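Work through the exercises below with the sequence and the structure at hand. Try each task before reading its solution.

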Amino acid sequence: MKVSKKVVGVEYAIRDIVLAARKVEQKGMQVDYLNIGDPVQFGFQPPDNVKQALIDAIKRGDNFYSTSEGLLELREEIAKKENAKGLSINADDILITNGVSEGLDMVISSIVEEGDEVLLPGPYYPPYASYVRLHGGIPVEFGVDLNNSTPDIEDIKSKITSKTVAICLISPNNPTGVVFNEKALKELVDIANEHNLYIICDEIYDQIVFDEKFVGIGKVAGNSPVIVLNGFSKVHLMSGWRIGYIAFNQSPQLAELREHLPKLARVRIATSLPVQHAALESLRGPQDYIGDFVSEMKKHRDFVVKRLNEIPGLSCPNPKGSFYAFPKIEDNRFDNDKEFVTKLLEEQGVLTVHGSGFGEQYGSGHFRLVYLPDLKILDSAMSKIEKFVTQ
């Protein structure tokens with residue numbers, strides 16, 4: 001039977017690699033899962049008041065379809081959050097989605113046609129390229145200095161063509177932990193304005209930063225056509241509840257997109273109403289747990305980066321945010337990063353993700369791991385990686 005050629009280009013290395021891990025487990029080996037960035041799977045739970053808000057909503061009967069754009073009170077609270085980061089928007093500029101992934105799909109499907117090009121930071125989170133391909137577009141990677149957290153401006157300029165429609169940013173970045181500063185964001189906005197491009201900025205890790213204060217793109221957006229993607233999976237530890245949002249800057253250039261994109265929200269009907277009440281509580285309630293989580297992640301980051309840089313044949317930039325490390329494989333015994341990751345799994349039972357799964361041009365020769373697990377597990381995993389590389 002026929003299968004659409006568009007779906008053939010869809011990949012998600014982070015979860016695709018799990019199939020190999022299951023085969024290793026079937027042979028009796030224990031696997032350390034360092035592949036998926038899900039805090040909840042590693043013991044970090046949303047606070048009790050947020051859980052109770054979900055339960056209360058269910059018990060009082062809020063189990064019906066919400067409005068397609070989302071709960072008004074939640075959109076108002078999100079607007080406050082985004083305005084505190086620099087935007088100047090209101091509830092009507094927010095659309096609630098089933099996670100950032102759905103928001104990304106809605107945006108890409110609304111702006112990309114056959115042959116259009118979208119610039120992505122190399123390396124990038126895999127769904128960005130997959131959604132671009134699915135909708136007939138071409139993902140184009142641009143360079144980023146991982147040590148200094150700066151985009152390669154000249155590289156970006158050289159890759160803009162008559163077919164380019166958007167520049168995507170992910171800051172803090174998955175998989176590298178890069179966090180763009182205000183100067184870099186301003187340069188990117190200026191380039192996008194010069195070439196009449198959409199700017200799509202994913203800030204899902206906006207409060208998980210370690211060394212410097214986070215700067216949101218809203219601070220430099222002005223009236224540019226900026227679209228912010230964000231959600232509650234990472235910072236608010238609500239990954240399995242699948243809730244995110246699109247925030248549209250108040251730009252005249254976004255008028256047509258804002259007219260048509262909400263049609264996709266109506267087609268998919270709504271986001272879970274009880275979960276929206278939980279998300280509202282996560283914004284209005286105590287925020288102490290976020291600081292505690294970030295403080296713990298900084299300890300994990302410092303530990304893992306130090307250990308990785310002590311291993312001959314590996315080097316690891318210091319991630320400024322998120323909860324990922326992206327070491328470079330300098331050991332020439334391996335043909336490619338996928339071979340490295342596969343053999344590490346088969347021989348030591350440590351599951352990571354091959355860097356080329358985050359883009360061939362800039363991800364190749366690296367691997368990604370999450371440092372969410374308990375420090376004891378990370379210590380054991382680092383020892384296994386060291387043994388694998390030095391044996």
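The model is predicted.

**Exercise 1. Helix H6**

Task: List the buried residues of H6, and compare the reach of H6 with the expected span.

Solution.
Step 1. The buried residues of H6 are Gly-99, Val-100, Glu-102, Gly-103, Leu-104, Met-106, Val-107, Ile-108 and Ile-111.
Step 2. H6 covers residues 99–111, which makes 13 residues.
Step 3. From the first C-alpha of H6 to the last, the reach is 19 Å. At 1.5 Å a residue, 18 Å is expected, and the two values are close.

**Exercise 2. How H6 meets H7**

Task: Describe the packing of H6 against helix H7, residues 127–134, and name the residues that make the contact.

Solution.
Step 1. The axes of H6 and H7 are 9 Å apart, and the packing angle is about 35 degrees.
Step 2. The crossing of H6 past H7 is right-handed.
Step 3. On the H6 side, the contact is made by Ser-101, Leu-104, Asp-105 and Ile-108. On the H7 side, Pro-127, Tyr-128, Tyr-131 and Val-132 take part.
Step 4. Two of the H6 contact residues can be checked against Exercise 1: Leu-104 and Ile-108 are among the buried residues of H6.

**Exercise 3. Strand S9 and its neighbours**

Task: Decide whether strand S9 (residues 226–231) is largely enclosed or not, then find the strands that pair with S9 and the sense of each pairing.

Solution.
Step 1. Take one side of S9: Val-226, Val-228 and Asn-230 are buried.
Step 2. Take the other side: Ile-227, Leu-229 and Gly-231 are buried as well, so both faces are covered.
Step 3. Six of the six residues of S9 are therefore buried, and the strand is largely enclosed by the rest of the structure.
Step 4. Strand S8 (residues 198–202) pairs with S9 in the parallel sense, over four bridges. Within this pairing, Ile-199 has Val-226 of S9 as its bridge partner.
Step 5. Strand S10 (residues 244–248) pairs with S9 in the antiparallel sense, over five bridges. Here Gly-231 stands opposite Gly-244 of S10.

**Exercise 4. Aromatic pairs**

Task: Classify the ring pair Phe-293 and Phe-323 and the ring pair Phe-334 and Phe-340.

Solution.
Step 1. Rings pair if their centres lie within 6.5 Å, and planes over 60 degrees apart count as edge-to-face. The count comes to 11 aromatic pairs.
Step 2. The ring centres of Phe-293 and Phe-323 are 6.3 Å apart and the planes stand at 65 degrees, so this pair is edge-to-face.
Step 3. Locate the two residues: Phe-293 is in helix H14 (residues 288–309), and Phe-323 is in the loop between strands S11 (314–315) and S12 (324–325). They are 30 residues apart, and the pair links distant parts of the chain.
Step 4. Phe-293 has 3% relative accessibility and therefore counts as buried. Phe-323, at 0%, also counts as buried.
Step 5. For Phe-334 and Phe-340 the centres are 5.0 Å apart and the planes are at 75 degrees, so this pair is edge-to-face. Phe-334 and Phe-340 are buried.
Step 6. Ring pairs also link Phe-44, Tyr-205, Phe-293, Phe-323 and Tyr-324 into a cluster.

**Exercise 5. Backbone details**

Task: Locate the cis peptide bonds before Pro-123 and Pro-172, then locate Arg-242 and Ile-269 and classify their exposure.

Solution.
Step 1. The bond between Gly-122 and Pro-123 is cis, with omega about 0 degrees. Pro-123 belongs to the loop between strand S3 (117–121) and H7.
Step 2. The bond between Ser-171 and Pro-172 is cis, with omega about -5 degrees. Pro-172 belongs to the loop between strand S7 (164–170) and helix H9 (182–194).
Step 3. Arg-242 is not a glycine, yet its phi is positive, about 50 degrees. Arg-242 is in the loop between S9 and S10, and with 34% relative accessibility it counts as partly exposed.
Step 4. Ile-269 also has a positive phi, near 80 degrees. Ile-269 is in the loop between helices H12 (262–267) and H13 (273–284), and its relative accessible area of 35% makes it partly exposed.

Technical notes: Residues are numbered from 1 along each chain as its sequence is written. This is a predicted model: local features need pLDDT of at least 70, side-chain atom pairs count only at pLDDT 80 or more; totals for chains, interfaces and linings use all residues. Side-chain values use heavy atoms; hydrogens and water are left out. The expected span of a helix is 1.5 Å times one less than its number of residues. Buried means under 20% relative accessible area, exposed over 50%, partly exposed in between (1.4 Å probe, protein chains only). Two strands pair if DSSP finds at least two bridges between them. Rings of Phe, Tyr and Trp (its six-membered ring) pair if their centres lie within 6.5 Å; planes under 30 degrees apart count as stacked, over 60 as edge-to-face and the rest as tilted. Axes are lines fitted to C-alpha atoms, for helices over the stretch in contact, and angles run from 0 to 180 degrees between N-to-C directions. A crossing is left-handed if the near helix is turned anticlockwise from the far one by less than a right angle, and right-handed if clockwise. Contact means heavy atoms within 4.5 Å.
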